[in-house]
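User: Hello! Could you walk me through this structure with a few questions and answers?

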Amino acid sequence: NTTTLGRIGRGFMYADWKSQVAYSSPNWNGFSFTAGLTQAWNGSGNTSRGGSETAYEGKASYAWAGDFAGKVWVSGISQDVEALTVGGDDSATAFDIGANVNVAGFGLTAYYGDGDGIGQTFQLNGGFDAAGKSRDSDQWYLQGTYTLPGVGTKIATSYGESTLEINSVDGGGDNTSDMWTVGVYHPITKHL
């Protein structure tokens with residue numbers, strides 16, 4: 001799971017830097033959480049912006065070790081959005097949930113996220129139409145891995161889809177992206 005507080009919000013989790021104040025709990029037998037106030041994002045184009053309002057983000061996870069190790073997590077974001085067009089102000093919200101399990105060198109990860117006004121590809125990108133109406137989005141992926149014993153080389157494949165639903169103002173069909181990834185990863189040093 002690569003979800004971090006700076007990334008909450010997709011695939012709509014976004015890897016990026018932003019100003020934030022956050023509290024991360026201690027690890028209580030595998031359970032931990034983080035809650036934060038973050039800088040609101042501005043949308044692309046001229047349809048929406050975060051303005052001066054604070055965004056709220058949080059995540060919680062539970063991890064366990066052993067022969068059948070794994071982790072489950074849930075995260076979410078909410079921020080007010082000031083429309084620069086007719087239609088008024090709104091909010092962008094999103095959540096995701098996922099799980100990862102590992103046994104005997106095999107790993108499986110499943111993830112699902114859903115949003116309203118949050119956009120696609122990067123935060124608030126296409127989250128609102130020209131009239132200021134929010135668009136729904138969702139995404140999911142599955143990933144399977146196998147680590148070769150003694151060598152440490154990991155073989156992995158994953159497939160995922162992301163959909164930005166087109167609303168009545170847009171016309172046309174939904175904006176859907178999908179991706180297959182196949183990779184072989186080998187540790188050269190501890191950090192590479």
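User: Welcome aboard! Which residue in β8 stands opposite Thr 109?

Analyst: Two notes come before the answer: this is a predicted model, where local features need pLDDT of at least 70, side-chain atom pairs count only at pLDDT 80 or more, and totals for chains, interfaces and linings use all residues. Residues are numbered from 1 along each chain as its sequence is written, and side-chain values use heavy atoms, leaving out hydrogens and water. Strands are DSSP runs of E with at least two residues, numbered from the N terminus, and two of them pair if DSSP finds at least two bridges between them. β7 and β8 run antiparallel, joined by 11 bridges, and the residue opposite Thr 109 is Gln 143.

User: Which residue in the turn between β8 and β9 has a positive phi?

Analyst: β8 also pairs with β9 (residues 154–164), again through 11 bridges and antiparallel. Ser 137, for instance, stands opposite Leu 164 in β9. The two strands form a hairpin with 6 residues between them, and the turn residue with a phi of about 80° is Gly 150.

User: Is Tyr 112 buried, exposed or partly exposed?

Analyst: Tyr 112 lies in β7 (residues 106–116). Buried means under 20% relative accessible area, exposed over 50%, and partly exposed in between (1.4 Å probe, protein chains only). Because the relative accessible area of Tyr 112 is 32%, this residue is partly exposed.

User: Which elements give two or more residues to the largest nonpolar core?

Analyst: A nonpolar core is a set of buried Ala, Val, Leu, Ile, Met, Phe, Trp, Tyr and Cys residues joined through side-chain atoms within 4.5 Å. The largest one has 8 residues, including Trp 41, Ile 77, Ala 92 and Phe 128. The elements giving two or more residues to this core are β5 (68–83) and β6.

User: What is the relative accessibility of Ser 25?

Analyst: Ser 25 is found in the loop between β1 (20–24) and β2 (31–39). Not counting residues up to four places away in sequence, Ser 25 touches Ser 32 and Phe 33, where contact means heavy atoms within 4.5 Å. Ser 25 counts as buried because its relative accessibility is 11%.

User: Why does Ala 104 count as exposed?

Analyst: Ala 104 sits in the loop between β6 and β7. Although Ala 104 is not a glycine, its phi is positive, at about 50°. Ala 104 counts as exposed because its relative accessibility is 66%.

Methods:
Helices (H or I, at least four residues) and strands (E, at least two) are DSSP runs, numbered from the N terminus.
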